[in-house]
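Trainee: I have the sequence and the coordinates open; could we go through them together?
Mentor: Gladly, let us take a look.

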Amino acid sequence: MRHLLDSHTLLWYTLGDPQLSETARALILDPANEIFISPATYWEIAIKVSIGKLNLHQPYEDFIEACMNKYGFIILPIDPMHTARVIGLPFHHRDPFDRLLVAQALAEGMSIISNDPALDAYEITRHW
């Protein structure tokens, strides 16, 4: 299966945070699954680092490098078909990063691994 990681899921997995659910960890570790990261996710993380809201305890570039190489996560490019899906999304969620993740998941037929129950209002599958 193909799964898209929410920003907090990526952070909690790579930083070993106990807030990550066992279901989420099992899905990420299952070699039968393809795990994707949106540029919206690493953009959101970069913004949080730049404003001092997040400390990765390592350079941002090293963090992203580990996500791609150590963990084998795949970047899901943002395509016009993804942004077009944002236009018709109801405003169940106001966060622009999460709205783009929902649009990407809808367009690609993926689920999202996230602890955010607000995403359940959309026609996607959310695992946690």
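Mentor: What follows is a talk through some helices, a pocket and a few single residues of this model, which is predicted.

Trainee: Let's start with α6; how far apart are its end C-alpha atoms?
Mentor: They are 18 Å apart, and because 13 residues at 1.5 Å a residue should span 18 Å, the helix, which runs over residues 96-108, agrees with expectation.

Trainee: Which residues of α6 are buried?
Mentor: The buried ones are Phe97, Asp98, Arg99, Leu100, Leu101, Val102, Ala103, Gln104 and Ala105, and the elements that cover them include β1 (2-5), α3 (39-50), α5 (80-87) and β4 (111-113).

Trainee: And what happens at the ends of α6?
Mentor: At the N-terminal end, Asp95 acts as the cap, with a side-chain oxygen 2.8 Å from the backbone nitrogen of Phe97, while just after the helix Gly109 takes a positive phi of about 65°.

Trainee: OK, how about α3, which is among the elements covering α6; what span should its residues have?
Mentor: The 12 residues of α3 should span 16 Å at 1.5 Å a residue, and the end C-alpha atoms are 16 Å apart, so the two values agree. The N-terminal cap here is Ser38, whose side-chain oxygen lies 3.0 Å from the backbone nitrogen of Ala40, and just after α3 comes Gly52 with a positive phi of about 80°.

Trainee: Which α3 residues are buried, then?
Mentor: Pro39, Ala40, Thr41, Glu44 and Ile45 are the buried residues of α3, and their cover includes β1, α1, β2 (34-37), α4 (60-70), β3 (74-75) and α6.

Trainee: You mentioned positive phi at glycines; where is there one at a residue that is not a glycine?
Mentor: His57 has a positive phi of about 60° although it is not a glycine. That deserves a second look, because most residues other than glycine have a negative phi. His57 is found in the loop between α3 and α4, and with a relative accessible area of 71% this residue is exposed.

Trainee: Switching topic, what is the volume of the largest pocket?
Mentor: The volume of the largest pocket is about 180 Å³, and the residues that line this pocket are Asp6, Ser7, His8, Leu11, Glu44, Ile45, Lys48, Lys53, Leu54, Asp95, Asp98 and Asp116. Some of these we have already met: Asp95 is the residue that caps α6, and Glu44 and Ile45 are among the buried residues of α3.

Trainee: Which helices each supply at least two residues of that lining?
Mentor: Both α1 (7-14) and α3 do, and by class the lining has three nonpolar, two polar and seven charged residues.

Trainee: Since α1 came up, is Thr9 buried or exposed?
Mentor: Thr9, whose place is in helix α1, counts as buried because its relative accessibility is 0%, under the 20% cut-off. Not counting residues up to four places away in sequence, Thr9 touches Leu20, Ile28, Ile113, Ser114 and Trp128.

Trainee: Now the strands; what joins the side chains of Ser111 and His127?
Mentor: A polar contact of 3.4 Å joins them. Ser111 is in strand β4 and is buried, with a relative accessible area of 4%, whereas His127 is found in strand β5 (residues 126-127).

Trainee: Which other residues is His127 in contact with?
Mentor: Besides Ser111, and leaving aside neighbours within four places in sequence, His127 is in contact with His3, Leu27, Ile112, Ile113 and Ser114. Leu27 sits in helix α2 (residues 22-29) and is buried at 17% relative accessible area, and, with the same neighbours left aside, Leu27 is in contact with His3, Asn33, Ile35, Ile113 and His127.

Trainee: Last one: which residues does Phe91 touch?
Mentor: Not counting residues up to four places away in sequence, Phe91 touches Arg99 and Tyr122. Phe91 lies in the loop between α5 and α6 and is exposed, with a relative accessible area of 51%, and although Phe91 and Tyr122 are 31 residues apart in sequence, their C-alpha atoms are 9.7 Å apart in space.

Note on methods. Residues are numbered from 1 along each chain as its sequence is written. This is a predicted model: local features need pLDDT of at least 70, side-chain atom pairs count only at pLDDT 80 or more; totals for chains, interfaces and linings use all residues. Side-chain values use heavy atoms; hydrogens and water are left out. Helices (H or I, at least four residues) and strands (E, at least two) are DSSP runs, numbered from the N terminus. The expected span of a helix is 1.5 Å times one less than its number of residues. Buried means under 20% relative accessible area, exposed over 50%, partly exposed in between (1.4 Å probe, protein chains only). Contact means heavy atoms within 4.5 Å. A polar contact is a pair of N or O atoms within 3.5 Å; within protein, one must be able to donate a hydrogen and the other to accept it, and residues adjacent in sequence count only if both atoms are side-chain atoms. On a 1 Å grid over the protein atoms alone, a cavity is a set of points where a 1.4 Å probe fits but cannot get out, and a pocket is an open set with protein on both sides within 12 Å along at least five of seven lines; lining residues have an atom within 4 Å of a point. Grid points are joined across faces, edges and corners, and a volume is the space filled by probe spheres set on the points. Ala, Val, Leu, Ile, Met, Phe, Trp, Tyr, Cys and Pro count as nonpolar, Asp, Glu, Lys and Arg as charged, and the others, Gly among them, as polar.
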